[in-house]
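Dear colleague,

I am handing over the structure that we spoke about, and I would be glad if you kept it open while you read my notes on it below.

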Amino acid sequence: MRFLDAGETHGKALIAIIEGFPAHVKIDIENINHLLQLRQRGYGRGKRMEIEKDRVKILSGVRNSFTTGAPITLMIENRDYENWKSFMDATQCDVDTKKVTVPRPGHADLAGCLKYEFDDARNVLERASARETAIRVAVGAVCEELLKMFGIKLYNHVVEIGRVRLTKSYSFNDTELFEQALSSSDLFCIDKEAEMKMKEEIDIAKQIGDSVGGIAEVICKNVPYGIGSHVHWDRKLDAQIAHSVMSIQSVKGVEIGMGFEAARRFGSEVHDEIYYDDKKGFYRKTNNAGGIEGGISNGMDIVVRAAFKPIPTLYKPLKSVDIRTFQPAEAAVERSDICAVPAGSIVMRAAIAYVLANALIERLGGDSAKTMLETFKRIYNKG
Ligand SMILES: Cc1cc2nc3c(=O)[nH]c(=O)nc-3n(C[C@H](O)[C@H](O)[C@H](O)COP(=O)(O)O)c2cc1C
Ligand SMILES: C=C(O[C@@H]1CC(C(=O)O)=C[C@@H](OP(=O)(O)O)[C@H]1O)C(=O)O
């Protein structure tokens, strides 16, 4: 399976084409829209989210709610396009107004202008923008529909905002807690006390014209052993997850399981010892590996964390240089999010869902989900 996406942040729409998705998967469009709405939420989002009401349109590959095996085309319209038409039209538009000539440190503006030879960062930021993550969430939501058929479920939540960490301990089996956090917390946080402090952190950033990042976690449950492979670098599941998650705008670090902490411990404190029971088969008492050993899922929960840097656009702008005059200037600012970690956690979930679906298709043979289910039952003795 593969997918391409296209679309500018203030353009007409975002589009994705998923190719190689199996037939016979039931697609509930409201499940996709639900995740799109969650991605729009989160304390610290800016004014743009008041304009957009993301809903997906399925243009191909699905008939009467079931996939046909043909390429699936997804589209999300940008409501804000109406306000930008005269600057964004493909054939004729005003390219001199809304020019961005003072690049924002931390955004793609300067590097993009240098590489693509522009004196207007608008040509870069329109595509670099995390608006693109809306369509990636739609792709991930379609993938989740396939994963659900095999009992695989993904949960996302926020564990740190700026200097504030989650203090409440939790088990990866606390799935109700994760679900509750999604429906009742506007930070997707399982800990009410930490959530209050996280909001304060965002409020402080807002008051002083700054921005703030954080860490989100995704837990994937019921992933069968044996997806991904040790045999080649680009087939390793942990590598594919890291690639997919790192490609999300503003992600600067990805951890699986114990992650960076493992580097600080002795081997005996890190590796999950192996036990065997006639009923359970092989099992572990710990999951520091985060469900992946040697690039292959080992049957434990897959646990991924990502570090999101603070948003680059600051209302109190950083120092920069005008790319036409080379004179010092303050970085550009129109409007911006202050914190996008909750939204980022949904994007992360989608990025991982795509990787897991792809690896499952490879493992089980992916033309028809019916055959996949039969193979699944045969290998794993289920059902
Ligand atoms: C959901 C989401 C929303 C974002 N919103 C903004 C924003 O409003 N303003 C901004 O400058 N950056 C925002 N970003 C981050 C930038 O898109 C990102 O930093 C930029 O594209 C440069 O890429 P890099 O951080 O991966 O190097 C957002 C990121 C995410 C994931
Ligand atoms: C539009 C989204 O996020 C945008 C990501 C973004 C950026 O620079 O990455 C900048 C902002 O866009 P604008 O400049 O139009 O206010 C965010 O709102 C979205 O998440 O759907």
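Helix 9 passes helix 11 in a right-handed crossing, and I should say at once that the model is a predicted one. Two packed helices are described by the angle between their axes and the distance between the axes. For helix 9 (residues 237-246) and helix 11 (residues 341-364), the angle is about 145° and the axes are 9 Å apart. On the side of helix 9, the residues that take part are L237, Q240, I241, S244 and V245, and they meet M348, A351, I352, Y354, V355 and A359 of helix 11. Sorted by class, the residues of this contact are 9 nonpolar and 2 polar, with no charged ones.

Helix 11 also matters for ligand 1 in one countable way, since it gives the most to the shell around that ligand, with 3 residues. There are 21 residues around ligand 1, and A130, Q249, T313, D337 and A340 come nearest; the shell has 9 nonpolar, 10 polar and 2 charged residues.

Ligand 2 is surrounded by 14 residues, of which R48, S129, A130, R131 and R335 are the closest, and its shell divides into 2 nonpolar, 6 polar and 6 charged residues.

Lastly, please look at helix 6 (residues 133-149), where 14 of the 17 residues are buried, so that the helix is largely enclosed by the rest of the structure. At 1.5 Å a residue its expected span is 24 Å, which agrees with the 25 Å between its end C-alpha atoms. After helix 6 comes G151, with a positive phi near 80°.

With best wishes

Note on methods: Residues numbered from 1 in each chain as written. Chains lettered and ligands numbered in written order. Predicted model: local features only at pLDDT ≥ 70, side-chain atom pairs only at ≥ 80, totals over all residues. Near = placed C-beta within 6 Å. Nonpolar A, V, L, I, M, F, W, Y, C, P; charged D, E, K, R; others polar. Helix = DSSP H or I, 4+ residues; strand = E, 2+ residues; numbered from the N terminus. Expected span 1.5 Å × (residues − 1). Buried ≥ 20, exposed ≤ 12 C-beta atoms within 10 Å, placed from the backbone. Axes fitted to C-alpha atoms, helices over the stretch in contact; angles between N-to-C directions. Left-handed = near helix turned anticlockwise from the far one by under 90°. Contact = placed C-beta atoms within 7 Å.
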